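Hi,

Here is the structure I said I would pass on. Have a look at it first, and then read on for what turned up.

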Amino acid sequence: MNKWTLPALFAAAMALAVPVHAADIAAGKAKASDTCSDCHGEDGKGDKKFPGIAGMPVEKFTQGIADIQSGKSGKNQKMIKVAKQLSADDVANLAAYYASLKK
């Protein structure tokens with residue numbers, strides 16, 4: 001095995017691990033307006049009843065939605081219904097949008 005085999009295999013594996021679709025903040029904003037803003041507000045800051053999600057890290061947002069979709073967490077029936085209707089692209093776009101906002 002030459003000295004470039006292992007780095008080449010590593011680079012190929014990393015290329016496959018990168019998502020095919022980059023998150024679209026504008027699409028996330030549009031989806032948020034349709035699905036999230038009723039409860040979390042247009043600015044994502046929430047209120048006394050609903051938590052703020054503005055400024056939330058992408059990983060935390062994505063995991064939170066995945067937990068709701070799988071039934072691992074979530075008590076609010078509206079949130080459960082909305083989360084289960086989100087595609088992987090929707091979640092990525094929403095996560096990017098909310099991460100881009102200030103808390």
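**What I found**

Of the 103 residues in the chain, 26% are buried. Keep in mind as you read that this is a predicted model.

Let's start with the overall picture. You'll count six helices and zero strands, so the pattern along the sequence is simply α-α-α-α-α-α. The accessible surface of the chain adds up to about 7,300 Å², and carbon and sulfur atoms account for 61% of that. As for contacts, if you take those between residues at least 6 apart in sequence, 64% of them join residues at least 24 apart.

Now for the helix packing. Two packed helices are described by the angle between their axes and the distance between the axes. I have two pairs for you, and helix α4 (residues 58–70) takes part in both.

**α4 with α5**

The partner here is helix α5, which covers residues 77–85. The angle between α4 and α5 is about 105°, and their axes lie 9 Å apart. Angles of 65 to 115 degrees count as roughly perpendicular, so that is the description for α4 and α5. On the α4 side the contact involves Ile65, Ile68 and Gln69, which meet Met79, Ile80, Ala83 and Lys84 of α5. By type, the residues of this contact split into five nonpolar, one polar and one charged.

**α4 with α6**

How do α4 and helix α6 (residues 88–100) pack, and how far apart are their axes? Their angle is about 140°, with 8 Å between the axes. That makes α4 and α6 oblique to each other, because an angle has to be over 145 degrees to count as roughly antiparallel. The crossing of α4 past α6 is right-handed. From α4, the contact uses Val58, Phe61, Thr62, Ile65 and Gln69. From α6, Val91, Leu94, Ala95, Ala96, Tyr98 and Ala99 take part. The residues of the contact of α4 with α6 come out as nine nonpolar, two polar and no charged.

If you click on Ile65 or Gln69, you'll find that each appears in the α4 contact with α5 and again in the α4 contact with α6.

**One residue to look up**

Ser37 sits in helix α3, which runs over residues 37–40. Is Ser37 buried or exposed? Its relative accessibility is 10%, and buried means under 20%, so Ser37 counts as buried. Leaving aside residues up to four places away in sequence, Ser37 touches Ala32 and Glu42.

Cheers

Definitions and conventions. Residues numbered from 1 in each chain as written. Predicted model: local features only at pLDDT ≥ 70, side-chain atom pairs only at ≥ 80, totals over all residues. Heavy atoms only, no water. Axes fitted to C-alpha atoms, helices over the stretch in contact; angles between N-to-C directions. Helix = DSSP H or I, 4+ residues; strand = E, 2+ residues; numbered from the N terminus. Parallel < 35°, antiparallel > 145°, perpendicular 65-115°, else oblique. Contact = heavy atoms within 4.5 Å. Nonpolar A, V, L, I, M, F, W, Y, C, P; charged D, E, K, R; others polar. Buried < 20%, exposed > 50% of the residue type's maximum accessible area, 1.4 Å probe, protein only. Areas by Shrake-Rupley, 256 points an atom, 1.4 Å probe, with all protein chains shown as cover. Left-handed = near helix turned anticlockwise from the far one by under 90°.
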